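This briefing goes through one structure topic by topic, for use beside the sequence and the 3D view.

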Amino acid sequence: DRVGTPVVPAVTAAASVPLVTGGELDYANLDHAASAPCLAEVRRAVDEFLPYYASVHRGAGFASQVSTKVYERTRDVLRRFAGARPSDAVVFTRNTTDALNLLARSVPRRTSVVVFDTEHHAALLPWRGPNVQRIPLPATRLEAVSAVDEALRACPEGPRLVVVTGASNVTGELLPVADIAAVARRHGARVALDAAQLAPHRPISVRELDVDYVALSGHKLYAPFGAGALIGRADWLRAADPYLAGGGATKSVRRNGEAVGVAWQAGASERHEAGSPNTVGVYALGVACERLSASWDAVIAHEEALLDRLERGLAAVPGLSELRLFDGGVSRVGTVSFVLTGTDPGRLAAVLSAEYGIGVRDGAFCAHIAVSRLVARTGEEGTQALRVSLGLGTTPEHVDRLITALRQVVARGPRWTYALVEGQWAP
Ligand code: PMP
């Protein structure tokens, strides 16, 4: 009876949460953009794998062989998930921050870097040297592409890299990655895609977008914490100093009189993955990627219906202003940030949690420049906002509960208050 019905992958059920009013509600996790709940299938797979995990690449024992096989096979899974070239390296990292820092440490000296100043700090900050341009993001996607063009024109001779996010972690809006990549190519620049927010919501293809690197995080992709990846061209990675010095990254270590001589691994992944890796996390990431790849139609349909419900609900909340990077209603994944007139986002997030069992994020979302600029654009005070983000753990009831809550909070008028009492927000 399910023929023709798109099947949305199930996530592990969230627990009920206590309310200050004394009752309990099932947890409405509207913070998928921070970390997504684990897929039920990932949880099962991890459970099956746990008895076999062991040190990879270092043991002849059966568990080590199984672990090594699983770990190495997951590189192919990630390559497929990202639509990467067969020659692309897959380096497992802790997360996107780690992946982009690895790339920053691997670019040739004097590489010119162009990045929008509205990016997540993980994409904005790792770059060093005199040739880094952090440019303001213009108000349209077309102008954004021209701004990259102009910045690349101003670069000195030498290697060039453009760093761009696929989807904003503040507004969910999609950046014109393929157009930026086309401009970059004309200037001989490489492109790194921060896919932390895009990869959980849309298929990505390194080849179709014509980008050079992709960075992503397992914990945003419905797998547990601690595993991410940098996928992309191997040459700079192979030529760079190892990201971490230690076992696994070395071919040989010898005493040379007073000195210790080290020959490092030449392969991009071995060279940069010193130490015992997160075998279980990598396996979980791979299972999540395979499950999402098999379900994109269902995932997108599920999220678009919820996003539509959310947008329509928010539009009817008095005094609510959404943050937007671009003019003109650009497509977005299910992430929306907003401010409510005269309302501190921290207190609002606290009341949503304490009274309604809703988890959202408040603050500046590790994108301080973007959030303060976009809040100012709404005409409201402050440098912080509230972010609601949807995903596979979201139900229509969660969205409706949020909208009801916001309307009720607004109806209380300006006198409602929450205070920090012994580290907890309370009415
Ligand atoms: N880039 C973007 C767009 C993000 O949203 C995030 C996470 N908020 C990151 C990078 C960093 O990811 P992680 O914390 O997993 O390193």
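**Briefing**

Ala315 belongs to helix H11, which covers residues 296–315. The model is predicted. The points below take up Ala315, the seven-stranded sheet, the ligand shell, the helix contacts and strand E14.

**Ala315**

- Ala315 is exposed, because 10 other C-beta atoms lie within 10 Å, and a residue counts as exposed at 12 or fewer.
- Between Ala315 and Gly342 there are 17 Å in space, C-alpha to C-alpha, and the two are 27 residues apart in sequence.

**The seven-stranded sheet**

- Seven strands form an open sheet with mixed pairing, in the order E4-E10-E9-E8-E7-E5-E6.
- Strand E4 (89–93) and strand E6 (132–135) are at the edges; each has a single partner strand, so one side of each has no neighbour in the sheet.
- From one strand to the next, the twist averages 15°.
- Strand E5 (residues 112–116) pairs with E7 in the parallel sense over four bridges, and Ser112 stands opposite Arg160 in E7.
- E7 is joined to E8 by five bridges, and the two run parallel; Thr165 has Asp194 in E8 as its bridge partner.
- Strand E8 (residues 190–194) is in turn joined to strand E9 (residues 213–217) by three bridges, again with the strands parallel. Ala192 stands opposite Tyr213 in E9.

**Burial of strand E7**

- Strand E7 (residues 160–165) is mostly covered, with six of its six residues buried.
- In a regular strand the side chains alternate between the two faces of the sheet.
- In E7, Arg160, Val162 and Val164 point one way, while Leu161, Val163 and Thr165 point the other way; all are buried.

**The ligand shell and helix H3**

- The ligand is surrounded by 13 residues, and the closest are Asn95, Thr97, Asn169, Ala196 and Ser217.
- Helix H3 (96–106) and helix H4 (121–124) are the elements that give two or more residues to this shell.
- By class, the shell has four nonpolar, eight polar and one charged residues.
- H3 is mostly covered, with 10 of its 11 residues buried. The buried residues of H3 include Thr97, which is also one of the closest residues to the ligand.
- Also buried in H3 are Thr96, Asp98, Ala99, Leu100, Asn101, Leu102, Leu103, Ala104 and Ser106.

**Helix H10 and its contacts**

- Helix H2 (residues 62–81) packs with helix H10 (residues 279–293) at an angle of about 35°, and their axes are 9 Å apart. H2 passes H10 in a left-handed crossing.
- On the H2 side of this contact are Ser67, Val70, Tyr71, Thr74, Val77, Leu78 and Phe81; they meet Thr279, Val282, Tyr283, Leu285, Gly286, Cys289, Glu290 and Ser293 in H10. The contact of H2 with H10 has nine nonpolar, five polar and one charged residues.
- An α-helix has 3.6 residues a turn, so residues three or four places apart point the same way.
- Helix H1 (residues 40–49) also meets H10: their axes come within 9 Å and cross at roughly 145°. H1 passes H10 in a right-handed crossing.
- Glu41, Val42, Ala45, Val46 and Phe49 in H1 meet Val280, Tyr283, Ala284, Val287, Ala288 and Arg291 in H10. This contact of H1 with H10 has nine nonpolar, no polar and two charged residues.
- Tyr283 of H10 takes part in the contact with H2 and also in the contact with H1.

**Strand E14 and its partners**

- Strand E14 (residues 335–340) is largely enclosed by the rest of the structure, because five of its six residues are buried.
- E14 pairs with strand E13 (residues 320–322) in the antiparallel sense over three bridges. Glu322 stands opposite Phe338 in E14.
- E14 also pairs with strand E17 (residues 385–389), in the antiparallel sense and over four bridges. Thr335 stands opposite Ser389 in E17.

How values were computed. Residues numbered from 1 in each chain as written. Predicted model: local features only at pLDDT ≥ 70, side-chain atom pairs only at ≥ 80, totals over all residues. Near = placed C-beta within 6 Å. Nonpolar A, V, L, I, M, F, W, Y, C, P; charged D, E, K, R; others polar. Axes fitted to C-alpha atoms, helices over the stretch in contact; angles between N-to-C directions. Left-handed = near helix turned anticlockwise from the far one by under 90°. Contact = placed C-beta atoms within 7 Å. Pairing = 2+ DSSP bridges. Buried ≥ 20, exposed ≤ 12 C-beta atoms within 10 Å, placed from the backbone.
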